[in-house]
Amino acid sequence: MMYNPAVYETDKTQELISAFGGLNCNPVIPDNCFSDECNMGGVDYPLISPRNKRAFFDVYSSRLHGLFSKSKIMYINNGLIYYGGEAVEGLIFPDIQGERQFVSMGAKVLVFPDKVYINTADLTDFGSLEAEFETEEGTSVTCSLSKGDGDLYENYIVSSAEPEEVKNGDLWLDTSVTPNELKQYSESLGMWMPLAETYVRISCGEIGKNFEIYDGVTLSGFQNEDLNGSHIIRDKGDDFITVTGIIPNTINQTAPIRVVRKLPEMDFVVESGNRIWGCNSEKNEIYASKLGDPKNFESFMGISTDSYGVTVGTDGEFTGAVAFRGYVIFFKEHCIHKIYGQNPPYTVNTSYIRGVQKGSHKSLQVVNETLYYKSPNGICAFEGGVPLDISEALGGAYYTDAVAGVLGNKYYICMSDKNGDRVLFNYDESRNIWHKEDNIDIKEFASHNGNLYFIGVVKGENRLCLADGENVYGNFSGDLSGWFIEENFEWSCETGLWGLDIPENKYYSGIVIRACGESGARINIDFQINSTRKWERQISVSVEKTGAFSLPFSSPRCDHLKIRISGKGKAKILGISRKTEVGSELNVRP
């Protein structure tokens, strides 16, 4: 007995995609997202459009680096530092290509690891944060017992036995005890009273010229060993310094001596609470400068303005540091150290959470009130508790050496992929949307005057650039000249696999892409069926006039489909309409 096949009407659906969700690199993604992008920016959300054009400045060389923003843009080029396009004459950086860290403190900018400062209110005021005085063999150095203000004690008795004939106010240096004590006779009490503190005045030409009162210094080379070591300068003149100490007699020596005010070697440096904070991985230590004084990290007088230092017990290298919400946070890959307190002694709290990936310390940026950074296994948003991974849309790809910047609500991050190629992404915090830009190699970012500057490799040279050259606020603060806007560039975006939710064969009988663009822009439409990796061109149009227009086409019957929209020049994709028809089935009954 023969049966004729039953014929069923095919299922038809029509959908409209009018809000696009940006980049999503996972195997299965929503139909309004894109599995790959090039030069897309999300500036016209919910529409999809290319990024804005960049601006390029006439500041470029292989030795351009060290970008920083204060009242004007600051950078280092060919060993000179520039502020607002003006070179700071006389300040030369010997390591002309080494990585720099800039820290702002009042009107001054501090540069590490060079340990120099620049007063941005007066570019002739610059110098080293450290100071050193050293004599040559044969130079005369005199050490005398003195008062705190440097005035010498002219008459005092030196003996191990108590003097017999004395009057009120006489001084006696008691050598019977170690250390020796300077005592003053009190007639009313009828006894010798030890002075609370004694001082030594060290005299030599220009010994005090580069130091300040209350500097923490290290002395070496002195015949009296008690003078060698750490001291606080209690008073000074150009030709003398006074430190706490005691000596039995005036000492004259011609052997070389050395006085040093030194900063610790610090891997990462930030400013918080009018102090400079830093860390050292080799010693596993955290430091803070004296309050309001970035030159002093060894000023310990037992008061609230003291310097501070502590050793932490966690393993591994420090990988970054940031001042965030009133706290200083030092990162390792597997933990963070958060500093609590207003003055020394501070409390160091350790949390074993995802830290900053080694080599990605420049990824630490605050967007609005949230801290973002590259961890060893993703990009994290941190608000003070447990970090949240926001990089799921990047598909779990492994990236390293991240550098980041901030423009409005967007977090820009440039990273190296597993092949070592650099990739620039931007993340819209307000909409939780990622976009992929291009493969420009960005060395560092600086937010300035409502825009985002960066140093990127352009045609083999490090060049000063502006992320959004189409929205320039002011005249770059009047501090930079010689710039031009980027020419039209190629852009593209690829959808995910359409049709995976329908097991039968189907075809899209009517796909209509609504678009608009500037005159002269080009838009191309390609599709790929059943993951063949072969793109078929459907439409290529050149925009002749402004206004929206439709780009219709249809697909052959297939299991699944991808669409690629590409072009050159300014354009917007307003929406995608698609009609889906499921293929009929042949039913054979026994």
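**Exercise 1**

State how N449 counts in terms of burial, given its relative accessibility of 40%, and then describe its backbone and its place in the chain.

Solution. At 40% relative accessibility, N449 counts as partly exposed, a class that lies between buried, which means under 20% relative accessible area, and exposed, which means over 50%, with a 1.4 Å probe and protein chains only. The model is a predicted one, in which local features need pLDDT of at least 70 and side-chain atom pairs count only at pLDDT 80 or more, while totals for chains, interfaces and linings use all residues. Residues are numbered from 1 along each chain as its sequence is written, and side-chain values use heavy atoms, with hydrogens and water left out. N449 is placed in the loop between β40 (441–448) and β41 (451–458), where strands are DSSP runs of E with at least two residues and helices are runs of H or I with at least four, numbered from the N terminus. Its phi is positive, about 50 degrees, although N449 is not a glycine.

**Exercise 2**

Find the phi of N78, and say which strands flank the loop that holds this residue.

Solution. The loop in question runs between β5 (73–77) and β6 (80–83). The phi of N78 is near 55 degrees, which is a positive value in a residue other than glycine, and with a relative accessibility of 42% N78 counts as partly exposed. As background, most residues other than glycine have a negative phi, and most peptide bonds are trans.

**Exercise 3**

Locate the cis peptide bonds that precede P179 and P345, and give the loop in which each proline lies.

Solution. Begin with T178 and P179, which are joined by a cis peptide bond with an omega of about -5 degrees; P179 belongs to the loop between β15 (171–174) and β16 (181–186). Turn next to P344 and P345, where the cis bond has an omega of about 0 degrees, and where P345 is found in the loop between β30 (336–340) and β31 (347–351).

**Exercise 4**

Work out the surroundings of N24, from its loop to its contacts.

Solution. N24 sits in the loop between β1 (12–17) and β2 (34–38), and because its relative accessibility is 14%, it counts as buried. If residues up to four places away in sequence are left aside, N24 touches I29, P30, C33, F34, S35 and A393, contact meaning heavy atoms within 4.5 Å. The side chains of N24 and N26 are joined by a polar contact of 2.8 Å.

A polar contact is a pair of N or O atoms within 3.5 Å; within protein, one must be able to donate a hydrogen and the other to accept it, and residues adjacent in sequence count only if both atoms are side-chain atoms.

**Exercise 5**

Describe V406 by its strand, its burial and its neighbours.

Solution. V406 is part of strand β36, residues 400–407, and counts as buried at 13% relative accessibility. Not counting residues up to four places away in sequence, it touches Q365, V366, V367, S447 and L452. From V406 to S542 the separation is 136 residues in sequence and 34 Å in space, taken from C-alpha to C-alpha.

**Exercise 6**

What do the strand count and the box of C-alpha atoms show about the whole chain?

Solution. The chain has 50 strands and zero helices. Its radius of gyration is 35 Å, well over the 25 Å that the globule rule gives for 590 residues, so the chain is more spread out than a compact globule; the radius is taken over C-alpha atoms, and the rule is 2.2 Å times the number of residues to the power 0.38. Along the principal axes, the C-alpha atoms fill a box of roughly 145 × 60 × 40 Å.
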